[in-house]
Amino acid sequence: MRVSDLLGKDVIDAQGNRLGVVTDLRCVQDGPLRGLNASLRIDGLLVSRRHTGALLGYDRRDQGPWLVRVVVRRLHGGLREVSWDQVADVGPPLRLKP
C-alpha cells in the first residue's frame with residue numbers, strides 16, 4: 001500500500017457517519033529489516049473535516065507564514081487521530097470498526 005492510496009480518502013465510522021478525510025499518516029519504523037533500516041509501519045491516521053491546506057502540514061507544525069498557519073489551523077480545529085487498529089476496510093471509503 002502506498003501513502004497516496006490513503007491520503008484524501010473519505011473516512012466513515014461503523015454507523016456510516018462521515019468523519020472527514022485522511023490528511024496524514026503516523027508511522028513507526030519497526031517493520032522488517034530492509035538493508036540497514038527497519039521498514040515503516042502505519043500506526044495511525046490523521047483525519048480532518050476539511051482537506052484544504054492540511055496536506056501542506058500547516059495545521060501541525062510551525063512552518064510557513066504565520067497568517068496561513070492561523071487560518072489553516074482554524075479550519076482544521078477538529079483534527080483527530082485514528083489508530084490503524086480501528087480501520088476495518090480501506091475502501092473506498094475507509095471504514096472504521098465499531
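1. A good place to start is R41, which forms a salt bridge with D43, the closest N and O atoms being 3.8 Å apart. By salt bridge I mean a side-chain nitrogen of Lys or Arg within 4 Å of a carboxyl oxygen of Asp or Glu. R41 also has a partner in D30, and here the closest N and O atoms are 2.9 Å apart. D30 lies in the loop between strand 2 and strand 3 and R41 in strand 5 (residues 41–48), so this pair ties together parts that are 11 residues apart in sequence. D30, R41 and D43 are thus members of a network of salt bridges.

2. Before going on, please keep in mind that this is a predicted model, in which local features need pLDDT of at least 70 and side-chain atom pairs count only at pLDDT 80 or more, while totals for chains, interfaces and linings use all residues. Residues are numbered from 1 along each chain as its sequence is written, and side-chain values use heavy atoms, with hydrogens and water left out.

3. How exposed are the charged residues of that network? D30 has a relative accessible area of 45% and is partly exposed. R41, at 36%, counts as partly exposed, and D43 is partly exposed at 34%. The scale is this: buried means under 20% relative accessible area, exposed over 50%, and partly exposed in between (1.4 Å probe, protein chains only).

4. The structure holds 3 salt bridges. One of them joins R18 to D10, with the closest N and O atoms 3.2 Å apart. D10 is partly exposed, its relative accessible area being 34%. As background, side chains of opposite charge can pair when their charged atoms come close.

5. Now for the overall layout. The protein chain has 2 helices and 8 strands, and from the N terminus on its elements run α-β-β-β-β-β-α-β-β-β. Helices (H or I, at least four residues) and strands (E, at least two) are DSSP runs, numbered from the N terminus. Of the 98 residues of the protein chain, 31% count as buried. Among contacts (heavy atoms within 4.5 Å) with a separation of 6 or more, 47% come from residues 24 or more positions apart.

6. Which strands pair with strand 5? Strand 2 pairs with strand 5 in the antiparallel sense over 7 bridges, and strand 5 is joined to strand 6 (residues 80–83) by 4 bridges, again antiparallel. Pairing here requires that DSSP finds at least two bridges between two strands. Opposite V22 stands V47 in strand 5, and L25 has L45 as its bridge partner in strand 5. L45 in turn has V82 as its bridge partner in strand 6. Strand 5 is largely enclosed by the rest of the structure, because 6 of its 8 residues are buried.

7. Strand 1 (residues 10–12) is also antiparallel to strand 2, with 3 bridges between them. I12 stands opposite R18 in strand 2. The hairpin of strand 1 and strand 2 has 5 residues between the strands, and G16 takes a positive phi near 95° there.

8. The largest nonpolar core has 12 residues: L6, V11, L19, V22, L25, I42, L45, V47, V82, V87, L94 and L96. Strand 2, strand 5 and strand 8 (94–96) each supply at least two residues of this core. A nonpolar core is a set of buried Ala, Val, Leu, Ile, Met, Phe, Trp, Tyr and Cys residues joined through side-chain atoms within 4.5 Å. If you want one residue to click on, try L19: leaving aside neighbours within four places in sequence, L19 is in contact with V11, I12, D13, V47, S48, R49, R80 and L96.

9. On the outside, W66, L67, V70 and V71 form a nonpolar surface patch with about 430 Å² of accessible area together. Patches are made of residues with over 30% relative accessible area and no salt bridge, with like charges joined within 9 Å and nonpolar side chains (Val, Leu, Ile, Met, Phe, Trp, Tyr) within 5 Å. V71 sits in helix 2 (residues 66–75) and is partly exposed at 43%.

10. Lastly, P32 is found in the loop between strand 2 (18–28) and strand 3 (33–34). Is P32 buried or exposed? At 61% relative accessibility, P32 counts as exposed. Apart from neighbours within four places in sequence, P32 is in contact with N37, A38 and S39.

Notes
Accessible areas come from the Shrake-Rupley method with a 1.4 Å probe; for residues, only the protein chains shown count as cover.
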